[in-house]
Amino acid sequence: MSNELSFTNISTDDLSFICPSGITLHVLRLDKLHPVISGNKWFKLRYYLDEAIQSRQRHVVTFGGAWSNHILATAAACQSLGLTVTGIIRGERPETLSATLETALALGMQLEFVSREYYREKEIPPSLNISDPFIIPEGGYGEAGVRGAATILDHTSFDFTHVCCAVGTGTMIAGLLSRARMDQQVLGVSVLKNKGQPEEAIKHLLPLAQGNWNILYDYHFGGYARHDPELINFMNQFCKQTNVPSDFVYTGKLFYAVTDLIRKGYFPAASRLLLVHSGGLQGNVSLPPGTLRC
Ligand SMILES: *Cc1c(COP(=O)(O)O)cnc(C)c1O
């Protein structure tokens, strides 16, 4: 087993409701996992952090943008495990830090800002002079991330016919796919304008991937972190009806897509859908105040 972080238990019965079509929706509230290390990020990080500790590489380095859920989760996890951590942040240092970076800094993460061009190389600036760093790829992308994401399904006993999740790097969906049964469909909603890329990522991460999976590309709302009034209205309404808040980068688009697919008859009658609430609520702070009303 893993390192000693402790989390609130996730109740599998957090939310279940039946749609008029006889389809059951069940939301796995990973957003309630921990006050800071929320959502899928802990799952993707856990085996990387185990490896860092076991190999005695106690200086972790990772990469992300100003509002990155991954940066924040890594900062908090490393703090509670006593690991030193540096975040390589995309873009020049702004005059005021984002709330995400402020929190990461307060948790002890060292922040290093690099130009967007340099960031693309995913290299550690030589000036940092870190000896024997343990590098965690951006977003936890990679084989250890997949193994960790597979353990998300240990937190539910809901017998689903479909598991639905938002897709960024593809690491989480690869993990779910590696654990799901052949008779269960794994459905991903890409939040980027990147048709085909998640398929490539899944094939790379899980060369022997089998099973029933599908990625949808019609719900990105213009691209990563883009949004429009329709999405925001939907998120407000969904939250009012279900009491489940979502974030505008990932889970808002997931819930919108699933609701739309139900309306369009994508799922057979009596389907049981497990929706992975993968967290990310902290990023909503980047929206103008009053945008989300729930
Ligand atoms: C990172 C993230 C995702 C995407 O996970 P991938 O493994 O990169 O596909 C989905 N939802 C939330 C809230 C995230 O922070």
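**Ligand shell, cores and loops**

In this predicted model, a polar side-chain atom of S278 lies 2.7 Å from a nitrogen atom of the ligand. The protein covers 98% of the 380 Å² of accessible area that the ligand has on its own. Two elements, α1 (41–54) and α6 (171–179), each give two or more residues to the shell around the ligand. Backbone atoms take part as well: a polar backbone atom of M172 is 2.8 Å from an oxygen atom of the ligand, and a polar backbone atom of T171 is 3.3 Å from an oxygen atom of the ligand. Around the ligand there are 14 residues, of which K41, N69, G168, T169 and S278 come nearest. Sorted by class, this shell holds nine polar, three nonpolar and two charged residues.

Helix α6 deserves a second look. Seven of its nine residues are buried, so the helix is largely enclosed by the rest of the structure. The buried residues of α6 are T171, M172, I173, A174, G175, L176 and L177. T171 and M172 are thus buried, and each also offers a polar backbone atom to an oxygen atom of the ligand, at 3.3 Å for T171 and at 2.8 Å for M172.

From the ligand, the description turns to the nonpolar interior. The largest nonpolar core has 55 residues, and L49, V60, I152, L176 and V276 are those with the most contacts inside it. The element that gives the most to this core is helix α2 (residues 69–81), with eight residues. Apart from this core lies another, of 31 residues, with L231, V249, A257 and L287 among them. Within the largest core, V276 offers a helpful view of how distant parts of the chain meet: beyond its neighbours up to four places away in sequence, V276 touches L28, L30, I152, V163, C164, C165, M172, L176 and L254. Two of these partners, M172 and L176, are among the buried residues of α6, and I152 and L176 are, like V276, among the residues with the most contacts inside the core.

I136 gives another view of the interior. This residue is placed in the loop between β6 and α5 (143–150), and a relative accessible area of 0% means that I136 is buried. Once residues up to four places away in sequence are set aside, I136 touches L45, Y48, L49, V60, V61, T62, F63 and H70. Of these, L49 and V60 are among the residues with the most contacts inside the largest core. The C-alpha atoms of I136 and Y48 are 6.8 Å apart in space, with their positions 88 residues apart in sequence.

Helix α9 and the loop before it form the next stop. T251 lies in helix α9 and is buried, its relative accessible area being 0%. Its side chain makes a polar contact of 2.4 Å with the side chain of D247. With neighbours within four places in sequence left aside, T251 is in contact with S246, H277, S278 and G279; one of these, S278, has the polar side-chain atom that lies 2.7 Å from a nitrogen atom of the ligand. F255, also in helix α9, is buried with a relative accessible area of 0%. Not counting residues up to four places away in sequence, F255 touches V27, F234, F238, V244, P245, S246, L275 and H277. By contrast, the C-alpha atoms of F255 and E92, 163 residues apart along the chain, are separated by 34 Å. V244, one of the residues that F255 touches, lies in the loop between α8 (229–242) and α9 (251–263). With 1% relative accessibility, V244 counts as buried because the cut-off is 20%. V244 and H277 are 33 residues apart in sequence, while their C-alpha atoms are 9.1 Å apart in space.

Two residues that are not glycines close the account with positive phi values. N129 has a phi of about 55° and lies in the loop between α4 (116–120) and β6 (134–135); this residue is exposed, with a relative accessible area of 69%. A225 has a phi of about 65° and is found in the loop between β9 (212–216) and α8. At 29% relative accessibility, A225 counts as partly exposed.

Note on methods
Residues are numbered from 1 along each chain as its sequence is written. This is a predicted model: local features need pLDDT of at least 70, side-chain atom pairs count only at pLDDT 80 or more; totals for chains, interfaces and linings use all residues. Side-chain values use heavy atoms; hydrogens and water are left out. A nonpolar core is a set of buried Ala, Val, Leu, Ile, Met, Phe, Trp, Tyr and Cys residues joined through side-chain atoms within 4.5 Å. Buried means under 20% relative accessible area, exposed over 50%, partly exposed in between (1.4 Å probe, protein chains only). Helices (H or I, at least four residues) and strands (E, at least two) are DSSP runs, numbered from the N terminus. Contact means heavy atoms within 4.5 Å. A polar contact is a pair of N or O atoms within 3.5 Å; within protein, one must be able to donate a hydrogen and the other to accept it, and residues adjacent in sequence count only if both atoms are side-chain atoms. A residue is near a molecule or strand if one of its heavy atoms lies within 4 Å of it. Accessible areas come from the Shrake-Rupley method with a 1.4 Å probe; for residues, only the protein chains shown count as cover. Ala, Val, Leu, Ile, Met, Phe, Trp, Tyr, Cys and Pro count as nonpolar, Asp, Glu, Lys and Arg as charged, and the others, Gly among them, as polar.
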